[in-house]
Amino acid sequence: MTHAIVARQPGGPEVLELAEVERPLPGPGQVLVKVAAAGVNFIETYQRSGAYNVAFPFTPGGEFSGTVDAVGDGVTDVAVGDRVATAEGSRGYSEYALAAADRILPVPEGVDLLTAAALPLQGMTAHYLMNSTFNVQPGQTVLTHAGAGGVGLLLLQLLKARGARVITTVSTDEKEALAREAGADVVLRYDGFADKVREITNGDGVDVVFDGVGKDTFEGSLSSLRVRGMLVLFGAASGKVPPFDLQRLNSAGSLFVTRPTIGHHLQNPQERRWRSGEIFAAAANGSLNVRIGAQYPLAKAAQAHTDLEARRTTGKVLLVP
Ligand code: NDP
């Protein structure tokens, strides 16, 4: 037997309970990982609450790092004892978790297993947003919300390394300091941010907005764009954006709006290697600073969700079994 977090029904953070479960066995093409740390991501709060459809009883956790404990039939590129991570596993809030061998990322020298759990989902998200959803060019001006968050701190640093001018929003002084340290050129509070963005850009607006906050920022994000700019809505930390009349994009400046998700940006092994390779290399050579803002024991998963949803966290949140 082993331990895992199990939610028996959808609900608040309190449905996340530590339980004794059977130790999983890897099926054909699967790898069993002894979990070193599991990433806590906003998507798991949507799954836990019932906002996203999942089957209950449910053990969250697509993202984790650890050491390979066993491999299933047909697995040749991963061996017992390898240090690995994934953004696409299942039941990561556990002592032992499974992933398909072709979704496993090798952890390079120079990256410890906590950092390896902090990077895959938010790092590859930052990577696809600025390379594939909108290919940010040096000199362009970008607005990215929640700059001290998990995706936020990584995206800020990568955008600055690209040579973009970066404006971000945060809710507190502590978060402002972190966003500045990560290289943000301008750090705003949410209140009235669209007017300030116009002012800062001499009335032009920004080339692209990366918006993972959703309901509370969507209107302001639209108003912050230059003519033919793009609003990339990639999350809903504050709630879902209500239905939207497409005709508004016309009068607001022939704008683009898109709603991407990571799964469509890890379509094949080459794409996965490209994104994870660049992100892990940047962490290994020190050009990307990965902030682990909080670590909780596995049994405290409910507290981790409470803190994430209450905007009390910065950078990455990890569960450590
Ligand atoms: P964060 O660490 O960024 O946490 C969310 C942050 O959003 C908070 O810290 C807070 O920062 C800000 N926020 C603003 N309003 C609210 C609110 N009402 N309630 C809670 N938080 C709020 O989380 P992640 O980095 O894990 O995820 C960021 C977003 O990216 C999420 O929406 C997530 O779903 C999305 N995402 C999307 C992916 C995709 O492929 N589409 C993949 C990965 C993540 P502050 O206090 O500064 O406002």
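Analyst: Let's start with one term: two residues are in contact when heavy atoms of theirs lie within 4.5 Å. Please keep in mind that this is a predicted model.

User: Thanks! Which residues meet where H1 and H10 touch?

Analyst: From H1 come Phe42, Glu44, Thr45 and Arg48, and from H10 come His305, Leu308 and Glu309. By kind, the residues of this contact are 2 nonpolar, 2 polar and 3 charged. Histidine is not in the list of charged residues, which is Asp, Glu, Lys and Arg, so His305 counts as polar here.

User: What makes H1 roughly perpendicular to H10?

Analyst: The axes of H1 and H10 (residues 301–309) cross at roughly 110° and come within 10 Å. Angles of 65 to 115 degrees count as roughly perpendicular, so the name fits H1 and H10.

User: Which residues of H10 are buried, and what do they pack against?

Analyst: The buried ones are Ala301, Ala302, Ala304, His305, Asp307 and Leu308. Their packing partners are H1 and the strands S1, S2, S3, S14 and S15. Just after H10, arginine 311 has a positive phi of about 65°.

User: Back to H1. Why is the pair of phenylalanine 42 and tyrosine 46 called tilted?

Analyst: It is one of the 4 aromatic pairs in the structure. The centres of the phenylalanine 42 and tyrosine 46 rings are 5.7 Å apart, with 50° between the planes. Rings pair if their centres lie within 6.5 Å, and 50° is neither under 30 nor over 60 degrees, so the pair is tilted.

User: How do you know that phenylalanine 42 and tyrosine 46 are separated by about one helical turn?

Analyst: They are 4 residues apart in helix H1 (residues 42–49). An α-helix has 3.6 residues a turn, so residues three or four places apart point the same way.

User: Why is tyrosine 46 called buried, while phenylalanine 42 is called partly exposed?

Analyst: The cut-off for buried is under 20% relative accessible area. Tyrosine 46 has 15%, so it is buried. Phenylalanine 42 has 24%, so it falls in the partly exposed range. Tyrosine 46 also pairs with tyrosine 52, again as a tilted pair, at 5.1 Å centre to centre and 50° between the planes. Tyrosine 52 is partly exposed, at 35%. Ring pairs thus link Phe42, Tyr46 and Tyr52 into a cluster.

User: How do you know that the charged end of arginine 23 sits over the ring of tyrosine 96?

Analyst: The charged end of arginine 23 is 4.0 Å from the centre of that ring. The distance limit is within 6 Å, and the charge must also be within 35 degrees of the ring normal. Arginine 23 counts as sitting over tyrosine 96.

User: What makes the bond between phenylalanine 56 and proline 57 a cis peptide bond?

Analyst: Its omega is about 0°. Most peptide bonds are trans. Proline 57 lies in the loop between H1 and strand S4.

User: What is notable about the phi of alanine 146, and of arginine 228?

Analyst: Most residues other than glycine have a negative phi. Alanine 146 has a positive phi of about 50°, and arginine 228 has a positive one near 65°. Alanine 146 is in the loop between strand S8 and helix H4, whereas arginine 228 lies in strand S12.

User: Why is arginine 228 called exposed, and alanine 146 partly exposed?

Analyst: Exposed means over 50%. Arginine 228 reaches 59%, so it is exposed. Alanine 146, at 30%, is between the cut-offs of 20% and 50%, so it counts as partly exposed.

Conventions: Residues are numbered from 1 along each chain as its sequence is written. This is a predicted model: local features need pLDDT of at least 70, side-chain atom pairs count only at pLDDT 80 or more; totals for chains, interfaces and linings use all residues. Side-chain values use heavy atoms; hydrogens and water are left out. Rings of Phe, Tyr and Trp (its six-membered ring) pair if their centres lie within 6.5 Å; planes under 30 degrees apart count as stacked, over 60 as edge-to-face and the rest as tilted. Helices (H or I, at least four residues) and strands (E, at least two) are DSSP runs, numbered from the N terminus. Buried means under 20% relative accessible area, exposed over 50%, partly exposed in between (1.4 Å probe, protein chains only). Axes are lines fitted to C-alpha atoms, for helices over the stretch in contact, and angles run from 0 to 180 degrees between N-to-C directions. Angles under 35 degrees count as roughly parallel, over 145 as roughly antiparallel, 65 to 115 as roughly perpendicular and the rest as oblique.
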